[in-house]
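Student: Could you take one part of this structure and look at it closely with me? Please pick a spot you like, work outward from there, and keep it all as one connected story.

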Amino acid sequence: MTRRRIDGSVLRLVCGACQTATVDFIFRGDVDYATEGLVSFTSVERDELVLAELPAGLDDASVERFLAELSARLGRDDLRYLRPDYRDNRLTYQCPQCGARELRPGRELSTAAYRRSGGVVTRV
Ligand SMILES: [Zn+2]
């Protein structure tokens with residue numbers, strides 16, 4: 001399987017309830033299918049994003065199941081999926097630390113800038 005080129009940027013988020021900072025990856029493509037099936041997972045232990053591609057046939061609803069399998073395969077339990085939730089035309093995410101729907105988007109930066117600031121981007 002050839003690896004797709006991944007384009008996008010890193011979005012920093014802060015929880016309004018517990019103040020924990022986290023990150024998410026914003027996939028970008030010039031066509032819709034360029035980002036289809038791509039998911040990012042966030043570590044709750046370190047400043048790290050794990051980018052993965054859903055196996056063919058798995059849809060967005062299956063992401064948590066895929067994450068459980070991936071975590072077992074990698075021997076990790078620190079990865080979380082920030083599922084976007086549109087409510088009242090507002091984009092929110094649930095905080096991976098405290099569970100509050102209070103994650104607020106902050107600065108968006110390039111993958112290179114994120115790495116320079118000490119962040120890790122892992123492709124699996
Ligand atoms: Zn929180």
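Tutor: Let's agree on one cut-off before we start: a residue counts as exposed if 12 or fewer other C-beta atoms lie within 10 Å of its own, as buried if 20 or more do, and as partly exposed in between. Please also keep in mind that this is a predicted model. Its mean pLDDT is 90, and 98% of the residues reach 70 or more.

My chosen spot is Gln-19, which sits in the loop between β1 and β2. Is Gln-19 buried or exposed? Gln-19 has 11 C-beta neighbours inside 10 Å, so by the cut-off above it is exposed. The backbone there deserves a look too. Most residues other than glycine have a negative phi. Gln-19 is not a glycine, and yet its phi is positive, at about 70 degrees. The setting is a hairpin: β1 and β2 have 5 residues between them, and Gln-19 belongs to that turn.

Now follow the two arms of the hairpin away from the turn. β1 and β2 run antiparallel to each other, paired over 7 bridges. One of these pairs leads us inward: Val-10 has Phe-25 in β2 as its bridge partner. Val-10 has plenty of company from other parts of the chain. Setting aside residues up to four places away in sequence, Val-10 touches Val-23 and Phe-25, then Leu-49, and further along Leu-109, Thr-111, Tyr-114 and Gly-119.

That brings us to the largest nonpolar core, which has 16 residues; those touching the most other members are Val-10, Leu-13, Val-23, Leu-49 and Leu-103. Which strands supply at least two residues each to this core? They are β1 (8–15), β2 (21–27), β3 (38–43) and β4 (48–53). β1 gives the largest share, with 4 residues. So the hairpin we started from has an exposed residue in its turn, while both of its strands contribute to the core.

Next, cross over to β3 and β4. These two strands are antiparallel as well, with 5 bridges between them, and Leu-38 stands opposite Glu-53 in β4. They are part of an open sheet of 4 strands with mixed pairing, in the order β5-β3-β4-β9. β5 (79–80) and β9 (120–123) are the edge strands, each pairing on one side only.

One residue from each of the middle strands shows how their surroundings compare. In β3 we find Val-39, and it is buried, having 21 other C-beta atoms within 10 Å. Apart from neighbours within four places in sequence, Val-39 is in contact with Ala-52, Leu-54, Val-63 and Tyr-81. In β4 we find Leu-51, which is partly exposed, since 17 other C-beta atoms lie within 10 Å. With the same kind of neighbour left aside, Leu-51 is in contact with Ile-6, Phe-25, Leu-38, Ser-40, Val-121 and Arg-123. Phe-25 is familiar: it is the bridge partner of Val-10 in our hairpin. Leu-51 also brings distant parts of the sequence together, for Thr-122 is 71 residues away along the chain but 6.1 Å away in space, C-alpha to C-alpha.

For contrast, look at helix α1 (residues 63–74). It has 12 residues and reaches 16 Å from first C-alpha to last, close to the 16 Å expected at 1.5 Å a residue. α1 is hardly covered, with a count of 0 buried residues. Just after α1, Gly-75 also takes a positive phi of about 70 degrees.

Finally, step back to the whole protein. There are 2 helices and 9 strands, running β-β-β-β-α-β-β-β-β-α-β from the N terminus. The radius of gyration is 14 Å, close to the 14 Å that the globule rule gives for 124 residues, so the protein is as compact as a globular protein of that length. Buried residues make up 18% of the 124. Of the contacts between residues at least 6 apart in sequence, 55% join residues at least 24 apart. As for confidence in the individual elements, helix α2 (residues 111–116) has the highest mean pLDDT, at 97, and strand β6 (residues 85–87) the lowest, at 78.

Terms used
Residues are numbered from 1 along each chain as its sequence is written. This is a predicted model: local features need pLDDT of at least 70, side-chain atom pairs count only at pLDDT 80 or more; totals for chains, interfaces and linings use all residues. A nonpolar core is a set of buried Ala, Val, Leu, Ile, Met, Phe, Trp, Tyr and Cys residues joined through C-beta atoms within 7 Å. Two residues are in contact if their C-beta atoms, placed from the backbone, lie within 7 Å. The radius of gyration is taken over C-alpha atoms; the globule rule is 2.2 Å times the number of residues to the power 0.38. pLDDT is the predictor's confidence in each residue, from 0 to 100. The expected span of a helix is 1.5 Å times one less than its number of residues. Two strands pair if DSSP finds at least two bridges between them.
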